[in-house]
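Q: I would like to learn how to read the surface, the interface and the charged pairs of a two-chain model. Where should we start?

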Amino acid sequence: MSRKPSISKGGSGPASISNDDMCPVCKTIRYLNKDMEFLINPDCYHPMCSNCVNRLFNDGPNQCPYAGCHQTLRRNKFRSAFFGDLAVEREVDIRRRVAAVFNKVEDDFETLRDYNDYLQIVEDLTFDLVSGDDKTKAKAEAVLKDYERQNKAEIERNRKAGREAEEGARRRLAAEREAARQRRLDAAREAEEERLEKARSNEEALDQLARGDGTAARVQLKRRGGHRTTTQAPDTEEVTGAAGRLSIRGLKEKKKAAPESTGPYDPFAGYDYRPDRYKLRDTFANDWLNGFARDPKHATGGYDVREYYARAMFDAFSGLGVFIDDEKETGGLDMSAAEVAEFGAGMAAEQSGPVVAPSVKMEVDDVFA
Amino acid sequence: MASEDARYRQSTQYRLWSFSPAQLASTREKTNALARANISETLASKQSSSSSSNGGNLTAALSAPASGANTPDPPSQRHNPSTPAVPEFLTPAEELQLLNFFMVELIRACNFLELRTDMRATAAVFLRRFYVTNSIMTYPPTEMLKTCLFFGCKAEGHYPNAAKFAEQFPQTTGEQILAGEFLLCQGLRFAFDVKHPFRALEGAIMELRRYGDIDDKRISSAHSRAREILKFSPLVTDVYFHYTPSQIMLAALSLADRELAERVIHETFHHHHHDPAAEQTKETNRKGSAAAAAGEQRASRLIGVEMRDRVAGVVASCREILAREPPERLTAYWGAPESQQITRPLLRKLKKCRDPDRWDLVAYQNAKREQARQKDEDAAAARGGEHAQRGRRASLDGGGDGAVFGDVHERDVKRRKVAKTEDPFGGPL
């Protein structure tokens, strides 16, 4: 989107500056005045050069110089347009104005539906203001003014709340940035300390060797021991001076604890799929399946004839120990408590429903009832 | 509980569609009683509406001569038209007889259409399940039969074109087939997965071959005979409701070759309780004795002698039922005139006592749709002008927006409707 109208090349539409090199009022061309700047007034959005504005409106309010435009303009309202297309400029202004008045947020509404309805109303009003004809525009304007007058206090409150929220967000962001900077600084300082420590211990070792007390091995041993204490030191330091880095430490602990608490992932949620009654073998004698087992057409697609074996064997032996006659009569042998309750309720409904009220229809939605 | 049984207990076939014989009988009786009540009510209301207009004519006709001749209105004449309004209904036993007749019809249709085994079995089970909670007098079995065939194909993963499917039947349109589809789904409680004994038979045969000491020819002949039985007998009896597929399979196998079925049962439930050899081995490693004892107990419960006898008993009872309808009866009995002599009067009786509103499924469905539409319109009108205005505004702003809002609106209504009906699964069981 082109920004300044003075830079835009060949604006489009009647309201935009059709010839950006010539002021439509005094007909001055850019060739004569290199610093020519176009200004508009939000009352009528007619562009004219700054010289014309100074000339016409220096002595107080005056009529717009455009033919047929009877708006009375004041000089202090003139400004340079932000958008090349002045229609867009005008719409943005209107939207800004409406948004300042209708400044409720989603939290003010009970349901999302209500909020959406509110947004719809606001959008309708805005649309009328932007592209309605004179009558609807006037009407919408009146509605807007009316609303503003009636809800003055609330609008002010919302505005303040919005500003506060914005401020809070900004502060939070700044605090986060500051914390990050602090962490980086700490890390750098630590690294530096470590480096110094290492250099010092090296020097010490060399000194000891030079002084000649003890063999090289002992010196090494000593050094290691000394080093151990220094490696322990940062740990304690981390514990004591870690007030600023609490979140990081917590993260570590969580990671360690997680696998212990849940154990390995079980996709079947504790369900055992091993067969009890039969044994699955890799091959079964089955004449008509042998063709498939060897057929590359099937094997390429990922088919394994053992899938069929598993299914057939499962079908052959599943439910052998389910005695429907007994189980359904007694309300279930191996049912869980909830299932039994449900089943019992179903039975009760079955028994009481039709007997008590023989006029109960077989279908709920009976057309001819 | 064996893991295989636990898994079977999760199926809808077990949870929704397994009954003890007594339960099934009582459910069928209830269905019959409800159908009677409903049909006599609708018939009576029709009769009264027509007779009230008749009566009006009668009084009008009577009023003229009443001024002249003082003839009293004979009360018997008034009651006469209402007494034949309640026809003789089918009894539950007769309904079952008719249902079996239609099951055979369905199997014949399957033979004609050359459907796959699983499709025909699924279709048959669908029909049988549907008429557990719905009476033959309420919905036309000839129509539901076609719908079951069509839907059974779909349930088994074969998707025929409804119109082309209908062409294979005389005087049938795709609309007629589809009219009963949702009804069927409701009647099935939306449980479309039927577990059949066919693959189970393959498993048992594989297991038999594995034993290695049985003549292969014998196994093959038993296999084909059992398949034949499974394709017919379970479908015209109630065994799908009372037994699990593996039990039905073993019963069919024992009908084909009793020894082989017994062999399977004996090999499966092979665990012996007090095996001295096992006892001794346990003595040697005392450490795992507790765990071993627990395993032993579990094994004896799962594959012990007790379980074996129980399973054998169930299989024998299933076998008894299957033996009543061997595959030969398809032609020897159901095709013979003696069965027609039984079913023909029943069909004649059915013609008189069927539900006049629901007999024509296409008209019934249209009426239902019309009513639903009416309801929607009423609801939309009741919601008032506010909504309509918004809709108009939206459609002014842009066609797309208007369409979207309209959609949302419609969906809303649908959801509300679903919430309103207490049971989306159709009528009470």
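A: Start with accessible area: the values come from the Shrake-Rupley method with a 1.4 Å probe. The model here is a predicted one. Chain A exposes about 25900 Å², and carbon and sulfur atoms supply 55% of that area.

Q: How much area does chain B expose, and what share comes from carbon and sulfur atoms?

A: Chain B exposes about 21600 Å², with 54% supplied by carbon and sulfur atoms.

Q: What percentage of the residues in each chain is buried?

A: A residue is called buried when its relative accessible area is under 20%. In chain A, 23% of the 369 residues are buried. In chain B, 45% of the 429 residues count as buried.

Q: How many helices and strands does each chain have?

A: Chain A has 12 helices and four strands. Chain B has 23 helices and zero strands.

Q: What share of the contacts joins residues at least 24 apart in each chain?

A: The share is taken among contacts between residues at least 6 apart in sequence. In chain A, 47% of these join residues at least 24 apart. For chain B, with a separation of 6 or more, residues 24 or more positions apart account for 82% of the contacts.

Q: Now the interface. How much area do chain A and chain B bury between them?

A: The size of an interface is often given as the accessible area lost when the parts come together. Chain A and chain B bury about 6200 Å² between them, and 55% of this is on carbon and sulfur atoms. In residues, 54 of chain A are in contact with 76 of chain B.

Q: How many polar contacts and salt bridges are there between chain A and chain B?

A: Between the two chains there are four salt bridges. One of them joins B:Arg310 to A:Asp326, with the closest N and O atoms 3.1 Å apart. The count of residue pairs in polar contact between chain A and chain B, both at pLDDT 80 or more, is 22.

Q: Which elements of chain A give two or more residues to the side that touches chain B?

A: They are α3 (112-131), α10 (305-317), α11 (324-330) and α12 (337-356) of chain A. Of these, α10(A) gives the most, with nine residues. By type, the residues on this side of chain A divide into 27 nonpolar, five polar and 22 charged.

Q: How many salt bridges does the structure hold over all chains?

A: The total over all chains is 47. One of them pairs B:Glu181 with B:Lys154, the closest N and O atoms being 2.8 Å apart. This pair links distant parts of the chain, 27 residues apart: B:Glu181 is in helix α10 (residues 181-187) of chain B and B:Lys154 is in helix α7 (residues 141-155) of chain B.

Q: Why is B:Glu181 classed as buried and B:Lys154 as partly exposed?

A: The buried class ends at 20% and the exposed class lies over 50%, with partly exposed in between. B:Glu181 is buried because its relative accessible area is 14%, whereas B:Lys154, at 26%, is partly exposed.

Q: Which class do the partners B:Asp216 and B:Arg209 fall into?

A: B:Asp216 is partly exposed at 38%, and B:Arg209 is buried at 17%. Their side chains meet in a salt bridge at 2.7 Å, N to O. In another pair, B:Asp355 and B:Arg358 form a salt bridge with the closest N and O atoms 2.9 Å apart, and both residues are buried.

Q: Which residues of chain A are linked in a network of salt bridges?

A: A:Arg79, A:Glu89, A:Asp93 and A:Arg96 are linked in such a network.

Notes: Residues numbered from 1 in each chain as written. Chains lettered and ligands numbered in written order. Predicted model: local features only at pLDDT ≥ 70, side-chain atom pairs only at ≥ 80, totals over all residues. Heavy atoms only, no water. Buried < 20%, exposed > 50% of the residue type's maximum accessible area, 1.4 Å probe, protein only. Contact = heavy atoms within 4.5 Å. Buried area = accessible area lost by both parts, 1.4 Å probe. Polar contact = N/O pair within 3.5 Å; in protein donor to acceptor, adjacent residues only side chain to side chain. Nonpolar A, V, L, I, M, F, W, Y, C, P; charged D, E, K, R; others polar.
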